[in-house]
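Here are some notes on the sheet and the nonpolar cores of this model, in numbered points. Please read them with the structure open.

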Amino acid sequence: MNWTPLAVDRQAWERAAEGLHSGDLSLLSLWGEPGRAHMAVIENSSNEVTLLRLACEANRFPSIGQLHLPAIRLERAMRDLAGLESEGSPDTRPWLRHGGPYSFLPAEGESLHQIPVGPVHAGIIEPGHFRFTANGETVVRLEERLGYVHKGIDSLMAGSSIERAALLAGRVSGDSTVAYALAFAQAVENALTAQAPPRAVWLRALACELERLANHFGDIGAVCNDASFAIMHASCGLLRENVLRVSNACFGHRLMMDSIIPGGMRCDLDAQGERELRGLITLVGRRFPELIDLYENTASLKDRTVGTGILSPALARQFAAGGYVGRASGRHFDARRTPGYPPYDALQYEVPSVQAGDVNARVWIRIQEVEQSLALIEQILGQLPPGAVHIPVSAAGPAEGAALVEGFRGDIFGWIRIGPEGRVERCHLRDPSWFQWPLLEAAIEGNIVADFPLCNKSFNCSYSGHDL
């Protein structure tokens, strides 16, 4: 995949916006720095990725959001982070700056009332404000206000060493630490034309599938718990705990944090780790089918999940929704295949996809992805090549690179520019949640307020990854 950025003028930038509006292109990311706007798009028929770079005179650029709604939040963040003004944007409210009053979008009609929730929540959960407008119990509009856990990752990376930036990348969103570390490592390796050793490439895939397993088990149980079906929550939580313990045995950390680094892996998989993995496959293969039957044959549970929180296929396509959110609404996209990266081109697996778009569909996509991940782990163990797991990476710049990898929520985009002294000049990482949080607002409309926890958990968007 050619990740070389293309310098464009305003006309070419606006043509890209028209391509996004028509559906010929999908937006991968949009970000900025003082004096420059950047955009990554993928062509939907050929799956070709293009990176565009626009010089912004007086820090202004033509709004993408005026033609393509998924760009609006990213443009608002560009204004707050880089001082770039999007000309013609339909929404110029601040996104990350919380210093003044905030005007939520109005909803008109008789007998409407508002329900403010958060940003502080009752459980141990990241902060986010949800403003419901309802007619009785029916949600007429939901608007989120996030940004409360903005950490300044982009600024912290600027000027840092590659090693320091790799640590920061793995902490953008803790539940996706493996996927973020992989996106960063691949972007660095792309910039420096370096290749990780074959064994490291396969071990990276192993870590990614373990991360996917742990999160899907947690999500399946949590959705059921929000429907007061606690036995599924407890049982799935036990399976998740087993995955975390095996991950620790294999890579020295329950979340496998800092296992993937530019140039390969920090540690190798030993014989004991392989035995633990095979034991995990046996355990899940025995226990998980029972839980699937329990979920599928509990009528009171299915009554809560079927037909609840429907996301239309049209919206999923427009917002380029990745992961289980997109695949549950008919968008058959997986970065492991499109544009693809090793070793997945040598592995056999299916990408499940359905059209229903409800909570039940998002649960079932997870169920099927658990089964696929187990099969992938078994294949990886059977084909794992010998050899080294790391090569030194010379950070000689200037250089620029990017990557698109598949996390458990969906595709994660990473871009880096390395300066002449081998330090990071700029780095941008885009979480799948940028395109999924707005879709939650659409999916909850027409549902009752009491079903919001179900809808919210079935999306399970990241606050931390979104806020950076």
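1. The model is a predicted one. One place to begin is the hairpin formed by β3 and β4: 5 residues lie between its strands, and N47 has a positive phi near 60°. The two strands, β3 and β4 (residues 49-55), are antiparallel and share 7 bridges. Within this pairing, R36 lies opposite A55 of β4.

2. A second hairpin joins β2 and β3. Here 2 residues separate the strands, and G35 adopts a positive phi near 90°. The pairing of β2 with β3 (residues 36-43) is antiparallel as well, with 8 bridges. Two of the facing positions can be named: L25 is opposite E43 in β3, and G32 is opposite A37 in β3.

3. How are the strands ordered in the sheet? The sheet is open, has 4 strands in the order β1-β4-β3-β2, and its pairing is mixed. The edge positions belong to β1 (6-8) and β2 (25-33); each has a single partner strand, so one side of each lacks a neighbour in the sheet. From one strand to the next, the twist averages 25°.

4. Helix α2 (residues 72-82) packs on this sheet and touches β2 and β3. The direction of α2 makes about 15° with that of β2. As for β3, the strand is mostly covered, with 6 of its 8 residues buried.

5. Which residues have the most contacts inside the largest nonpolar core? They are W13, M39, M157, F184, F288 and I416, in a core of 143 residues. Helix α6 (residues 198-226) gives the most to this core, contributing 15 residues. As general background, nonpolar side chains in soluble globular proteins tend to be buried together.

6. M39 links the sheet to the discussion of the core, since its number falls within β3 (residues 36-43). Leaving aside residues up to four places away in sequence, M39 touches W13, A16, L20, L27, S29, L30, W31, T50, L51, L52 and I64. One of these, W13, is also among the residues with the most contacts inside the largest core.

7. A second core, separate from the largest one, has 13 residues, including W31, A40, A335 and F413. W31 is thus named twice in these points: it belongs to this second core, and it is one of the residues that M39 touches. In a regular strand, side chains alternate between the two faces of the sheet.

Conventions:
Residues are numbered from 1 along each chain as its sequence is written. This is a predicted model: local features need pLDDT of at least 70, side-chain atom pairs count only at pLDDT 80 or more; totals for chains, interfaces and linings use all residues. Side-chain values use heavy atoms; hydrogens and water are left out. Two strands pair if DSSP finds at least two bridges between them. Axes are lines fitted to C-alpha atoms, for helices over the stretch in contact, and angles run from 0 to 180 degrees between N-to-C directions. Contact means heavy atoms within 4.5 Å. Buried means under 20% relative accessible area, exposed over 50%, partly exposed in between (1.4 Å probe, protein chains only). A nonpolar core is a set of buried Ala, Val, Leu, Ile, Met, Phe, Trp, Tyr and Cys residues joined through side-chain atoms within 4.5 Å.
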